[in-house]
Amino acid sequence: MNVKNIKLAGVGRMALLSFIIIPALSGCLTGEPQVTNAASEGLTEVSDVENTAKNTRPNILFIMSDDHSERAISAYGSKLINTPNIDRIANEGVLFKNSFVANSICGPSRAVMLTGKHSHINGFTDNHSSFDGTQPTYPQYLQKSGYQTAVVGKWHLNSEPVGFDYWEILRGQGHYYSPVFVTNKPNEITVTKDIKNKHGRVIKTEYENTYLGAYATIKTGDLALDFLQNRDKSKPFAMIYNHKAPHRNWMPNVDDLGVIDTSDLQVPDNFFDDYKNRPAAQLQELEINDMYLSYDLKLSEADYAGDLADISLGWGHQWQALYGRMTPSQKKKWDAYYQELNKEYQNVKGDAKALLVWKYRRYMHDYLSSIYSMDKDIGRVLDYLDAQGLAENTIVVYTSDQGFYIGEHGWFDKRFMYEESMRTPLVIRYPAKIKAKQVITEMVQNLDYAPTFLDFAGIDIPADIQGVSLKDRLVEQKPIDRDSLYYHYYEGIEKEHKVAKQEGIRTDTHKLIHFKDVGVDHFELYDIAADPSEMHNLYGTEAISKIQSDLHRQLVKVKEKYQVPFTKI
Ligand code: SGN
Ligand code: CA
């Protein structure tokens, strides 16, 4: 971090402190239970019995990354990278071996988590939707019941956060370098922006902070720590601390370059997949082979002069814009690392297979490096909880908005109901109530987070929530009541990456997927136990016919249970 950033971080802290004090004071006027500062005044910490009970409720620290495959987490057995801090949460708590999303794409997955409801109910079906923040979410319930709530980092729901005392979120997808955040609490560096409708009327005012020279991962951690340090200590807190990393285009922190070595990395077994018997997979555009040489793979124009496809698509300019967000000293470190290695491109570009392997290794270097920095940042926040004696009574969750392909089927990105992207990492720690070193193999889904938090906070779970609370499983080892998961991806073949619309059901052993889109209408069926990479579509084969009809029956049942309109797909 350069000197400028340190200064900016300090300013942010002061401003944050002032806005936390103001709501605390305003409580005097509203007649809410009054709390005094025990440490400074030597009084008991709370003034009434009800509030004492409330204060024993756990804090909640929800940590989420963007596009983190569980196969890039050492606690999940990854040999690709060490993630000591995510592992710390798992080792001191619980690791879910079979954790899934309901819709493997960013905004929709986040909406499922906030509401505990499937996409067709919460209305945020694809990334082009805008989240209706007036509907109930778990942060709103927590806030109403006395939690101090905050969200920092990636949000990506196209509408402003509702139910948070403090929010400072990346604009849209956000940038790795010199990130732009929007906040509800302006500070000294804020630029005020009036947003107008097409008639020129101001419809809202935004407060925007550009942290010049900052790296998004570290800035997000700084904001999380600022909130924790300056929070209202009379209340339990619930903070969502969301990273942009390791989302495309995987720009590592210049200070961490060289830590990850992928120069000899072997490609996954099904890297050269031919997509036989899987028609939707034949139509996708998720292949590492299709990555942009500059934007994705970090070659400079000089490196690929003559290979004009990349430039003609305009992505050279996209890359220049991102590179341009770095400070001169960051660019110097970046170039010192990449320029030498980029010379390899000349040796491989004439050999299609060698080039593809080179692309995979470069992709993995950048992806894993972004994770390395993020894991370190998570460590800073966990250290703070330890130092403040907060770890015992804080539920810490680490997850991702979905899984990701890191070369399986030759792909990057997500969206498919196949295992790599339907899965998402999930580890939970809560030393006061949850025994350490548990591994849970039952299937859970991102639908379950909201009811679990409400349950732990002692709030009745509203009847319309579709997920199940994991509290009794976590605390008392009671089995989870569910035998299948419903999945639905809505974006479709006409959108980026050309992945067909699909829905389906996953049981412990099998998966049935219905692909239905323009020019696509077929089922696929996998025996996940025998074929975890889903290379052999068994749909329509004699040996599977009984299981097939059973899965069809279950799909109908599960759609009824979740009130999925039968016309949707
Ligand atoms: C961007 C990326 C896509 C990615 C989507 C959705 N393209 O559009 O590769 O699938 O985000 O990701 S990029 O050229 O802009 O990098 S999500 O995690 O937000 O759902
Ligand atoms: Ca994502």
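Here is a walk through this predicted model, from the overall fold to one helix, one cavity and the aromatic rings. Residues are numbered from 1 along each chain as its sequence is written, and chains are lettered from A and ligands numbered from 1 in the order in which they are written. In this predicted model, local features need pLDDT of at least 70 and side-chain atom pairs count only at pLDDT 80 or more, while totals for chains, interfaces and linings use all residues; side-chain values use heavy atoms, with hydrogens and water left out.

Let's start with the whole chain. It has 18 helices and 17 strands, where helices (H or I, at least four residues) and strands (E, at least two) are DSSP runs numbered from the N terminus. Of its 569 residues, 58% count as buried; buried means under 20% relative accessible area, exposed over 50%, and partly exposed in between (1.4 Å probe, protein chains only). With a contact meaning heavy atoms within 4.5 Å, 69% of the contacts between residues at least 6 apart in sequence join residues at least 24 apart.

Now turn to helix α5 (106-115). Ten of its ten residues are buried, among them Cys106, Arg110 and Thr115. These buried residues pack against β1, α6 (119-122), α7 (138-144), β9, β10 (394-400) and α16 (449-456). After the helix comes Gly116, with a positive phi near 70°.

The same helix takes us to a cavity. On a 1 Å grid over the protein atoms alone, a cavity is a set of points where a 1.4 Å probe fits but cannot get out, and lining residues have an atom within 4 Å of a point. Grid points are joined across faces, edges and corners, and a volume is the space filled by probe spheres set on the points. There are three cavities of 30 Å³ or more, and the second largest holds about 80 Å³. Its lining includes Phe62, Arg110, Met113, Trp155 and Asn242. The elements that give two or more residues to this lining are β1 (59-65), α5 and β9 (237-242), and α5 gives the most, with three. By class, the lining has nine nonpolar, one polar and one charged residues (Ala, Val, Leu, Ile, Met, Phe, Trp, Tyr, Cys and Pro count as nonpolar, Asp, Glu, Lys and Arg as charged, and the others, Gly among them, as polar).

Next, the aromatic rings. Rings of Phe, Tyr and Trp (its six-membered ring) pair if their centres lie within 6.5 Å; planes under 30 degrees apart count as stacked, over 60 as edge-to-face and the rest as tilted. The structure holds 35 such pairs. One of them, Tyr177 with Trp334, is edge-to-face, at 6.5 Å centre to centre and 90° between the planes. This pair links distant parts of the chain, 157 residues apart: Tyr177 is in the loop between β5 (166-170) and β6 (180-183), and Trp334 is in helix α12 (residues 328-342). Both Tyr177 and Trp334 are buried. In Phe416 and Tyr418 the ring centres are 5.0 Å apart and the planes at 5°, so that pair is stacked. Ring pairs also link Tyr176, Tyr177, Tyr215, Trp319, Tyr323, Trp334, Tyr337 and Tyr338 into a cluster.

Lysines meet some rings too. A charge sits over a ring if NZ of Lys or CZ of Arg is within 6 Å of the ring centre and within 35 degrees of the ring normal. The charged end of Lys244 sits over the ring of Tyr176, 4.9 Å from its centre, and Lys219 lies over the face of Tyr211, at 4.0 Å from the ring centre.

Definitions and conventions: On a 1 Å grid over the protein atoms alone, a cavity is a set of points where a 1.4 Å probe fits but cannot get out, and a pocket is an open set with protein on both sides within 12 Å along at least five of seven lines; lining residues have an atom within 4 Å of a point.
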